[in-house]
Amino acid sequence: MGKINQGILGGFSGKVGNVVGGSWKGIGYMRIMPASVANPQTPAQLDQRQKFSVMMGFLQPMTQFLRTGFKSFAVKMTGINAAMSYNMHNALTGAYPAYAVDYTKALVARGNLAPALNQAAAAGTAGTIVFTWDDNSGEIGASALDKSLLVVYNPVKHQAVTVNELGERADGTQTITVPDSFTGDQVQCYIAFIAADGQVSNSGYAGAVTVV
């Protein structure tokens with residue numbers, strides 16, 4: 001409890017209600033305790049939490065990949081935080097509480113390198129996804145030796161398969177294997193490129209594919 005040692009205008013120490021009194025270097029003081037908001041539940045806060053939850057469900061399975069894909073924008077933040085910032089503003093659709101990711105607008109890599117041209121993905125033999133694209137290494141800033149960055153995201157399993165730098169822009173195609181558990185699921189596919197100097201392109205949406 002609080003005490004008033006020198007009358008109503010001075011010498012107050014301790015706590016009374018939301019007022020705290022004390023002394024610092026012989027000078028008495030009083031201050032108001034801040035209001036407690038341990039678990040705010042305002043409509044705006046609930047709305048933001050739902051947006052964050054939906055987008056995190058998409059990005060978290062590819063956390064390691066995003067360190068490369070968004071490294072040019074990860075200034076004083078992690079790759080996943082940079083990806084979250086972009087995709088929250090550009091790839092969310094719907095209204096509270098039914099938000100969803102617009103996979104066609106999402107980026108899993110972002111940068112100034114020339115992106116893929118006419119990219120597409122299709123089901124290959126059992127458990128594989130075949131990516132194709134046109135070799136556009138004649139474009140300014142693009143090289144035939146740029147390495148591919150591929151993502152196959154499974155929203156049913158909340159898992160992602162990522163492949164870094166195993167193909168080249170000049171190849172025009174690359175096949176990757178996904179887990180047997182993906183069979184029958186529809187997956188979302190993306191392709192980007194990374195140059196020898198580390199510069200990255202925007203990712204391109206290669207389509208939705210049902211794994212056979």
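**Group meeting: salt bridges, rings and strands in a predicted model**

In this structure, Asp102 and Lys105 form a side-chain salt bridge, with 4.0 Å from N to O; the term denotes a side-chain nitrogen of Lys or Arg within 4 Å of a carboxyl oxygen of Asp or Glu. What you see is a predicted model, in which local features need pLDDT of at least 70 and side-chain atom pairs count only at pLDDT 80 or more, while totals for chains, interfaces and linings use all residues. Residues are numbered from 1 along each chain as its sequence is written, and side-chain values use heavy atoms, with hydrogens and water left out.

Let me begin with the chain as a whole. It contains three helices and 13 strands; these are DSSP runs numbered from the N terminus, helices being H or I with at least four residues and strands being E with at least two. Of its 212 residues, 38% are buried, where buried means under 20% relative accessible area, exposed means over 50%, and partly exposed lies in between, with a 1.4 Å probe and protein chains only. The exposed area of the chain is about 11,700 Å², and carbon and sulfur atoms supply 55% of it; such areas come from the Shrake-Rupley method with a 1.4 Å probe, and for residues only the protein chains shown count as cover. Among contacts with a separation of 6 or more, 58% are between residues 24 or more positions apart, a contact being heavy atoms within 4.5 Å.

I return to the salt bridges. How many does a search of the whole structure find? The search finds five. One of them joins the side chains of Asp146 and Arg169, at 2.9 Å from N to O. This pair links distant parts of the chain, 23 residues apart: Asp146 is in the loop between β8 and β9, and Arg169 is in the loop between β10 (159-168) and β11. Both Asp146 and Arg169 are buried. Lys147 forms a salt bridge with Glu168, and here the closest N and O atoms are 2.9 Å apart. Lys147 belongs to strand β9 and Glu168 to strand β10, 21 residues apart. Lys147 is partly exposed at 27% relative accessibility, and Glu168 is partly exposed at 23%.

Arg169 also appears beside a ring. Its charged end sits over the ring of Phe193, 4.2 Å from the centre. Likewise, the charged end of Arg110 sits over the ring of Phe73, 4.1 Å from the centre. The rule here is that NZ of Lys or CZ of Arg is within 6 Å of the ring centre and within 35 degrees of the ring normal.

Now to the aromatic rings. Rings of Phe, Tyr and Trp (its six-membered ring) pair if their centres lie within 6.5 Å; planes under 30 degrees apart count as stacked, over 60 as edge-to-face and the rest as tilted. By this rule there are six aromatic pairs. Phe58 and Tyr153 have ring centres 5.0 Å apart and planes at 85°, so they are edge-to-face. Because Phe58 lies in helix α1 (residues 43-59) and Tyr153 in strand β9 (residues 147-154), the pair ties together parts 95 residues apart in sequence. Phe58 is buried at 1% relative accessible area, and Tyr153 is buried at 3%. Ring pairs link Phe58, Tyr103, Tyr153, Tyr190 and Tyr205 into a cluster.

Finally, I turn to strand β11 (residues 173-177). Its side chains alternate: Gln174 and Ile176 point to one face and are buried, whereas Thr173, Thr175 and Thr177 point to the other and are not.
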